[in-house]
Amino acid sequence: MASSGEEPKSGSPGRAGTGTEPAPTADAAQLDTAEDFEVLEEEEEEEDLSELPPLEDVGRPPAPPRGDTQPSEQGREQAAEDPQEWLDVLGSGLLKKKTLVPGQGVDTRPHKGQDVTVRLKATLEDGSVVEENPALTFTLGDCDVLQALDLCVQLLEMGETALIVSDAKYCYGAQGRSPDIPPNATLTLEVELLAARDAPDLELLSGKEKIELANRKRERGNFFYQQADYVLAINSYDIALKIISSSSKVNFSPDEEAELLDVKVKCLNNLAASQLKLDHYEAALKSCNLVLEHQPGNIKALFRKGKVLAQQGEYREAIPILKAALKLEPSNKTIHAELSKLVKKHADQKNVETEMYRKMLGNPSAAGAPGKCKDKLPWSIPWKWLFGATAIALGGVALSVVIAARN
């Protein structure tokens, strides 16, 4: 986050390598956009999403210039000479920090929530430089940058220069960053802490600044969604929503209010998508309902709400919601497929319930009972009843004869 509140331009050094997104993947096409309709399918369901346009344009900026391909030889030599001075940040050996140039004391370390500015140089194991930024500014603790950087800068003293060696888990993971960072790549970061200051007061931000800041957090959430890190994606969307919902001492124009609402709806839709990925159905339902409070005809929110209710087995409630979404977009094949599937599941559910009630009432299914007397009329009298009636009549006559004889 730039402390000035201005949005860094695509491809600018301030964003490359730390907050940029990799090339869009299958999941990248499942983020919210205001232009095209796209819906989120559960990973375990094998449905054709080929007809769906992309949700959010989250393509990353062009790769930064390669520049000098040699790493900091002095830093590497010191690290090799003094291995005992490495700090195992997380205790797992996957993230290590080593001081190259001491800072101004522990009291000068930055705190979470502050805006920090660092000088950054990132290299691969073969020495290729993939990132150089003389003044990268971000909010500490908001996951605006690589986790390795976010975690270790908290340990830097003002003016300190450190070497950080990080496993891919805390950098670009299994996907990497095309074209310069391969999958599962270990990165070495040379970082110098230049400045730390309190973040700007949200109440004093202009409408434009608040929109840009919220969008920046949302885009970071999109990056984590692409990386399949849905927990961190939710964290970024939540931060964006808090920024949008924060009180303000500045008057916004109607256009700015409308744009803030648009960003809020995008964040809520993407939040619901992430919550669905984690099977947090109640939370996802709440997010969808919040979207529908603002935009009752939001197709994505209707579709996801239907999906949530279906996952909870509430087919009776889910079907009308999907029908409403389909009415808004009759040509959407995904809604058609989902609705057809739910109608079938609902019919099967009713059949199961009907059979269960029959068994509970001691009335087994007629299908299992053998057919009897199918050729008889409804008023025909069974022969057993006729025989019994005749026997009773004869017995009555005999009794009358005996009584008469006695008299």
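Asn269 is placed in helix H5, which spans residues 254-277; helices (H or I, at least four residues) and strands (E, at least two) are DSSP runs, numbered from the N terminus. The model is predicted, so that local features require pLDDT of at least 70 and side-chain atom pairs count only at pLDDT 80 or more, while totals for chains, interfaces and linings use all residues. Residues are numbered from 1 along each chain as its sequence is written, and side-chain values use heavy atoms, with hydrogens and water left out. With a relative accessibility of 0%, Asn269 counts as buried, where buried means under 20% relative accessible area, exposed over 50%, and partly exposed in between (1.4 Å probe, protein chains only). The C-alpha atoms of Asn269 and Ser287 are 7.0 Å apart in space, and the two residues are separated by 18 residues in sequence.

Two further buried residues, Lys98 and Arg216, carry charged side chains. Lys98 belongs to strand S2 (residues 95-101) and has a relative accessible area of 1%. A C-alpha to C-alpha distance of 6.2 Å relates Lys98 to Leu87, at a sequence separation of 11 residues. Arg216 is located in helix H3, with a relative accessible area of 3%. Between Arg216 and Ser236 the sequence separation is 20 residues, and the C-alpha atoms are 9.2 Å apart.

The second largest pocket was computed on a 1 Å grid over the protein atoms alone, on which a cavity is a set of points where a 1.4 Å probe fits but cannot get out, and a pocket is an open set with protein on both sides within 12 Å along at least five of seven lines; lining residues have an atom within 4 Å of a point. Its volume is about 200 Å³, a volume being the space filled by probe spheres set on the points, with grid points joined across faces, edges and corners. Helix H3 (207-226) and helix H4 (230-245) are the elements that contribute two or more residues to the lining of this pocket. The greatest contribution to the lining comes from H4, with 3 residues. In total, 12 residues line the pocket, and those nearest its centre are Thr139, Asp142, Ala199, Leu202 and Ile243. By residue class, the lining comprises 7 nonpolar, 2 polar and 3 charged residues; Ala, Val, Leu, Ile, Met, Phe, Trp, Tyr, Cys and Pro count as nonpolar, Asp, Glu, Lys and Arg as charged, and the others, Gly among them, as polar. Domain 1 (87-198) and domain 2 (207-355) each supply at least three residues to the lining of the second largest pocket, the domain bounds being taken from an automatic or database domain assignment.

The number of disulfides in the structure is 0, a disulfide being a pair of cysteine sulfur atoms within 2.5 Å. For Cys152, the closest cysteine sulfur is that of Cys171 at 9.4 Å, and no bond is formed because this distance is too far. Cys152 is buried, at 0% relative accessible area. Cys171 is likewise counted as buried, at 10% relative accessibility, and occupies the loop between S5 and S6. The C-alpha atoms of Cys171 and Gln147 are 6.3 Å apart, with their positions 24 residues apart in sequence counted as the separation.

Several backbone features occur in loops. In the loop between strand S5 (161-166) and strand S6 (187-198) lies Pro179, and the peptide bond from Ser178 to Pro179 is cis, with omega near 5 degrees. Cys143, in the loop between strand S4 (129-139) and helix H2 (147-153), has phi near 60 degrees, a positive value in a residue other than glycine. Cys143 counts as buried at 12% relative accessibility. A positive phi, near 60 degrees, is also found at Ala228, which is situated in the loop between H3 and H4. Ala228 counts as partly exposed, with 41% relative accessibility.

An annotated segment completes the description. The unreviewed UniProt entry lists residues 299-332 as "repeat: TPR"; UniProt positions are given in the numbering used here, feature names are shortened, and annotations may be inferred rather than shown by experiment. Over residues 299-332 the chain is 79% helix and 0% strand. The C-alpha atoms at the ends of this segment are 10 Å apart.
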